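Let's go looking for the hollows in a protein. Have the sequence and the 3D view ready.

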Amino acid sequence: MGRIVVVGSLNVDHTISVERFPEIGETIIATGLASDLGGKGFNQAVTAARMGADVVMVGCVGADTDGDRLLQALSDERIDAGFVRRNAALPTGRAHITVDVEGRNSIVVAPGANASTSFPSAALEGADVLLAQLECPLDVVTAAMSAAHSAGVKTILNPAPARALTDELLRLVDCLVANETEADSVGQVSYHGIAVITGGERGALVLVPGRESRRIPALAVPVVDTTAAGDAFCGAFAAALAGGGKLGQALQRATAAGACAVTRPGAFSSLPSSVEVDRLLAQSRSEAQS
């Protein structure tokens, strides 16, 4: 299936369920509280591994029990964590997530040890794809992209959380995968690679230089919690490309992975297996033919 290097965050998520989001200055009563493993880098690495890819994780956790849990989970998922550093001076990152009854979420991330992530070029040995997000320092992501670009490794950037990007960084990106909010926040920059703009129930818009744009339709599933849906999309997309799949095939698998993820609460606990993705795609094809 190919080898993927993921540069990104490792967090513990604390999720509060509510009937509706509070107004500014308002206090409301939650309907549920849960804790799960997460972080965009972790989620994408786990999804890629579950799709069958050989995955290397690059990141940083604290020297605490949360870091222990994340490293154990990487081992359980058969992900190479040899490039995940531990920082005794900073706690493992945390995300505080609020989810309403429609499955929509708002997220605040405390980076913690993620802020001290560094990128060793040795992690790229044998890699087919480098996948990164923006919960780690931007200079580290840029360095990783530059090293991958020089080594002839395909690069994928998920610009989340949303922020303005530099031309320097975007010149190193082969494929940009962003939701609509993230795409609007990229800023006035020049980008000439493939862009995939995800839109939830509206599907994904694919922009390829020199070709007409096309839309990949979403798959109809019951929505419980949209947390990590974008991460599942990115992880499955990277795995398919690393395995030699064509763009259209990779996007179909990514769309199915994202759809699977929204049917369950949480981040780590919602990430799909390859079997689940295959099953949903088969079901979708069967319904289209009937």
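Here is a short tour of two pockets and what lines them.

This is a predicted model, where local features need pLDDT of at least 70, side-chain atom pairs count only at pLDDT 80 or more, and totals for chains, interfaces and linings use all residues. Residues are numbered from 1 along each chain as its sequence is written, and side-chain values use heavy atoms, with hydrogens and water left out.

A pocket is an open set of points on a 1 Å grid over the protein atoms alone where a 1.4 Å probe fits, with protein on both sides within 12 Å along at least five of seven lines, and lining residues have an atom within 4 Å of a point. Its volume is the space filled by probe spheres set on the points, which are joined across faces, edges and corners.

The largest pocket holds about 1,400 Å³ of space. Its lining counts 50 residues, and Asn105, Asn179, Thr226, Ala229 and Gly230 sit closest to the centre. Helix 6 gives the most to this lining, five residues (helices are DSSP runs of H or I, at least four residues; strands are E, at least two; both numbered from the N terminus).

The second largest pocket has about 220 Å³ of space. Residues including Arg214, Pro217, Gln252 and Arg285 line it. Here helix 8 gives the most, with four residues.

So what classes make up each lining? Ala, Val, Leu, Ile, Met, Phe, Trp, Tyr, Cys and Pro count as nonpolar, Asp, Glu, Lys and Arg as charged, and the others, Gly among them, as polar.

| Pocket | Nonpolar | Polar | Charged |
|---|---|---|---|
| Largest pocket | 22 residues | 18 residues | 10 residues |
| Second largest pocket | five residues | four residues | two residues |
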